[in-house]
Amino acid sequence: MQREEAIAALAAARDGALSVATMQTVLAWHEAGQAATDHVDNMGCMGTASALGLGLALARPERRVFVFDGDGSLLMQLGSLATIAGARPRNLVHLLFKNGVYHTSGAQEIPGGLTVDFVTMARGAGYRAAFAIGELDELERRLPSLLKDEGPILVELHTTLAEQTPMTAQGGAPFHEQMERLRTRLLAAAS
């Protein structure tokens, strides 16, 4: 599924949930009109969205908390899975957008790529529920339970690469393209 489709479905079902978005999800959440209230952008501190979401969930147990995380971001702080599971926040839904790359910075493959199994890690850490979703209709079907079931819940959303990232939206280029251009220039200068 496309990240923007998943974000739109989550926005439609939000029902007052607090939200924390990191890296690749920030732009899409803003475009879905959801960043104006009860929301925090978590940029510039990769890997900390889940910890920030945990703090919000513990501080406001009467409100649902959505954490929009990236697979590369979560890899930076895998210990947060155990911390969240140990705290047992009943209102936390950890939505992991999995595409196998550091999408925001130029689509470099994350260690392990798409083979990393965050569902197994979350279950092993002690999340109450953890599962993967690869199709938009399945996400839409499960949304009502995500708004009421006890957390912490990890949902690994299998998403495609977006056409625009914070880097390319500002006229940038993916990292591998930048490196190839630099390599070509350096080789030309050396000859």
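1. Buried means under 20% relative accessible area. Ile 153 has 2% relative accessibility, so Ile 153 counts as buried. This residue sits in strand 8. Strand 8 covers residues 153–158. The C-alpha atoms of Ile 153 and Gly 126 are separated by 9.8 Å, with their positions 27 residues apart along the chain. Please keep in mind that this is a predicted model.

2. Just ahead of strand 8 there is a backbone feature to check. The peptide bond joining Gly 151 and Pro 152 is cis, with omega at about 5 degrees. Pro 152 belongs to the loop between helix 7 and strand 8. As background, most peptide bonds are trans.

3. Two further backbone points concern phi. Most residues other than glycine have a negative phi. Asp 15 is not a glycine, yet its phi is positive, about 50 degrees. Asp 15 lies in the loop that runs between helix 1 (3–13) and strand 1 (18–22). Its relative accessibility is 72%, so Asp 15 counts as exposed.

4. Arg 88 is the other case to look at. Its phi is positive too, about 55 degrees, although Arg 88 is not a glycine. The residue is found in the loop between helix 5 (79–87) and strand 4 (92–98). Is Arg 88 buried, partly exposed or exposed? At 38% relative accessibility, Arg 88 counts as partly exposed.

5. Now the charge pairs. Side chains of opposite charge can pair when their charged atoms come close. The whole structure holds 8 salt bridges. One of them pairs Arg 90 with Glu 150, with the closest N and O atoms 2.3 Å apart. This pair links distant parts of the chain, 60 residues apart. Arg 90 is in the loop between helix 5 and strand 4, while Glu 150 is in the loop between helix 7 and strand 8. Arg 90 has a relative accessible area of 47%, so it is partly exposed. Glu 150 is partly exposed as well, because its relative accessible area is 42%.

6. A second bridge connects two strands. Lys 98 and Glu 156 meet through their side chains in a salt bridge, at 3.6 Å from N to O. Lys 98 is in strand 4 and Glu 156 is in strand 8. The two residues are 58 apart, and the pair links distant parts of the chain. Are these partners buried or exposed? Lys 98 is buried, and Glu 156 is buried too.

7. A third bridge joins Lys 148 to Asp 149, and the closest N and O atoms are 3.6 Å apart. Lys 148 is exposed, because its relative accessible area is 63%. Asp 149 has a relative accessible area of 33%, so Asp 149 is partly exposed. Turning to shared partners, salt bridges join Arg 90, Arg 128 and Glu 150 into one network.

8. The surface also carries a patch of negative charge. Which residues gather in it? They are Glu 5, Glu 135, Asp 137 and Glu 140. Of these, Glu 140 has its place in helix 7, residues 136–146. Its relative accessibility is 43%, so Glu 140 counts as partly exposed.

9. Helix 3 spans residues 49–59. Its buried residues are Ala 49, Ser 50, Gly 53, Leu 54 and Ala 57. Seen down the axis of helix 3, these buried residues fall within an arc of 135 degrees, so they line one face of the helix.

10. Two more contacts along the fold deserve a look. Val 65 lies in strand 3, residues 65–70. With 0% relative accessibility, Val 65 counts as buried, because the cut-off is under 20%. Val 65 and Asn 91 are 26 residues apart in sequence, and their C-alpha atoms are 6.0 Å apart in space.

11. Glu 4 has its place in helix 1. At 33% relative accessibility, Glu 4 counts as partly exposed. Its C-alpha atom is separated from that of Leu 27 by 9.3 Å, and the two residues are 23 residues apart along the chain.

Conventions: Residues are numbered from 1 along each chain as its sequence is written. This is a predicted model: local features need pLDDT of at least 70, side-chain atom pairs count only at pLDDT 80 or more; totals for chains, interfaces and linings use all residues. Side-chain values use heavy atoms; hydrogens and water are left out. Patches are made of residues with over 30% relative accessible area and no salt bridge: like charges are joined within 9 Å, nonpolar side chains (Val, Leu, Ile, Met, Phe, Trp, Tyr) within 5 Å. Accessible areas come from the Shrake-Rupley method with a 1.4 Å probe; for residues, only the protein chains shown count as cover. A salt bridge is a side-chain nitrogen of Lys or Arg within 4 Å of a carboxyl oxygen of Asp or Glu. Lys and Arg count as positive and Asp and Glu as negative; His and the chain ends are not counted. The place of a charge is taken as NZ of Lys, CZ of Arg, CG of Asp or CD of Glu. Helices (H or I, at least four residues) and strands (E, at least two) are DSSP runs, numbered from the N terminus. Buried means under 20% relative accessible area, exposed over 50%, partly exposed in between (1.4 Å probe, protein chains only). The arc is that of the directions from the helix axis to the C-beta atoms.
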